[in-house]
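Biologist: Please take a close look at the charged side chains here, and at how they pair with one another. I would like one connected account, with the cut-offs spelled out as you go.

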Amino acid sequence: VQLQAFWGGLVQAGRSLRLSCAASGSIFSIDAMGWYRQAPGKQRELVATITTGGSTNYADSVKARFTISRDNIKNTVYLQMNGLKPEDTAVYYCNAKIIVRVGFSRRDYWGQGTQVTVSS
């Protein structure tokens, strides 16, 4: 099983970016999916999560600016980031709680991280 994140980049403050992350491999089902970020010198923190049914949870710092969504057919999670600020600069990691086909074990999987840099 693999998670692969796409579409980070360098943008000016106030602009938008949309991250995507696709899960592939021997997947039976996917429970919650989410995005986390880690800025230089800081611990990794939660950005947003979404359940299979579409319930969402956001960090206070991104509420009303970021929107998480998912496509359960494509096993993909998205993060629409609007009104970006320099303090949003970080490496963004996707996460998924996946039940695999072999043995039906459930565990956390992480994407490789994608850099988002917001210039002032």
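Charged side chains and their pairings

Modeller: The protein chain carries 14 positive and 7 negative side chains, and the centres of these two sets are 4 Å apart; Lys and Arg are counted as positive and Asp and Glu as negative, while His and the chain ends are left out, and each charge is placed at NZ of Lys, CZ of Arg, CG of Asp or CD of Glu. This is a predicted model, in which local features need pLDDT of at least 70 and side-chain atom pairs count only at pLDDT 80 or more, whereas totals for chains, interfaces and linings use all residues. Residues are numbered from 1 along each chain as its sequence is written, and side-chain values use heavy atoms, with hydrogens and water left out.

Among these charges the structure holds 6 salt bridges, a salt bridge being a side-chain nitrogen of Lys or Arg within 4 Å of a carboxyl oxygen of Asp or Glu. To place them, it helps to know that the chain has 0 helices and 11 strands, where helices (H or I, at least four residues) and strands (E, at least two) are DSSP runs numbered from the N terminus.

One of the pairs joins R65 and D88, whose side chains meet at 2.8 Å, N to O. R65 sits in the loop between β6 (56-58) and β7 (66-71) and D88 in the loop between β8 (76-81) and β9 (90-100), so this salt bridge ties together parts that lie 23 residues apart in sequence. R65 is buried, at a relative accessible area of 13%, and D88 is buried as well, at 0%; buried means under 20% relative accessible area, exposed means over 50%, and partly exposed lies in between, with a 1.4 Å probe and protein chains only. The pair also belongs to a network of salt bridges that links R37, E45, R65 and D88.

The loop that holds R65 also contains A64, which lies between β6 and β7. A64 has a phi near 75°, a positive value in a residue other than glycine, and with 86% relative accessibility A64 counts as exposed.

A further salt bridge joins D60 to K63, with the closest N and O atoms 3.2 Å apart. D60 is exposed, with a relative accessible area of 65%, whereas K63, at 46%, is partly exposed.

R106 pairs with D31, and here the closest N and O atoms are 2.7 Å apart. This salt bridge links distant parts of the chain, as R106 belongs to strand β10 (residues 106-110) and D31 to strand β4 (residues 27-38), 75 residues apart. D31 counts as partly exposed, at 24% relative accessibility. In the loop between β9 and β10 lies F104, which is not a glycine and yet has a positive phi of about 55°.

As for the setting of these pairs, buried residues make up 42% of the 120 residues in the protein chain. Of the contacts (heavy atoms within 4.5 Å) with a separation of 6 or more, 56% are between residues 24 or more positions apart. The accessible surface, found by the Shrake-Rupley method with a 1.4 Å probe, comes to about 6,500 Å², and 50% of that belongs to carbon and sulfur atoms. The C-alpha atoms fill a box of roughly 50 × 25 × 20 Å along the principal axes.
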